[in-house]
Amino acid sequence: HRCNSNPEEAKIWITSQYDDGTTRWRYLPLHLACMENPPPEFLVESLLRIYPEGSRMEDHKEMLPIHYACDNGAGERVVELLVKAYPACVGRKDGCGRTPIGIARESARIVISRSG
């Protein structure tokens, strides 16, 4: 797939701006993959293999990819991949003050364990 043929694209922010030049929104491909419902494991894994630093990058709402994954019914393996790439993400709050665990509880779709 595209991750293999164009790996440099995993590092490119996709953005939209207002007329005055301020950012309307910005996402890495990893953020977008984690917005899928549920996030596709093969794609998240490929993007993390190419650009693991993407797991640490906040978007315009101060959300990490794991915040989106937890809100969109991510499977255990996807959450595991994101936590392995950036262990501190479990305690990171988004712009609304929510942790990935809190988002998962709100969405009632997955459960994150701190064990392991």
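Contact here means heavy atoms within 4.5 Å, and helices (H or I, at least four residues) and strands (E, at least two) are DSSP runs, numbered from the N terminus. The model is predicted, so to speak of local features pLDDT of at least 70 is needed and side-chain atom pairs count only at pLDDT 80 or more, while totals for chains, interfaces and linings use all residues. Residues are numbered from 1 along each chain as its sequence is written, and side-chain values use heavy atoms, with hydrogens and water left out.

Select helix α5, residues 76–85, and colour Val-78, Val-79, Leu-81 and Leu-82, which are its buried residues (under 20% relative accessible area, against over 50% for exposed and partly exposed in between, with a 1.4 Å probe and protein chains only). Seen down the axis of α5, these residues fall within an arc of 160 degrees, so they line one face of the helix; the arc is that of the directions from the helix axis to the C-beta atoms. Glu-76 and Lys-84, on the other side of α5, are exposed. Now add α2 (29–35), α3 (41–50) and α4 (65–71), which are among what covers the buried residues of α5.

Staying with α4, select Tyr-68 together with Tyr-27 of strand β2 (residues 23–27), a pair that ties together parts 41 residues apart in sequence. Both tyrosines are buried. Their ring centres are 6.2 Å apart and their planes at 75 degrees, so the pair is edge-to-face (rings of Phe, Tyr and Trp, the last by its six-membered ring, pair if their centres lie within 6.5 Å; planes under 30 degrees apart count as stacked, over 60 as edge-to-face and the rest as tilted). Adding Trp-25 completes one aromatic cluster with Tyr-27 and Tyr-68.

Finally, select Arg-26 and Trp-13: the charged end of Arg-26 sits over the ring of Trp-13, 3.8 Å from its centre (NZ of Lys or CZ of Arg within 6 Å of the ring centre and within 35 degrees of the ring normal).
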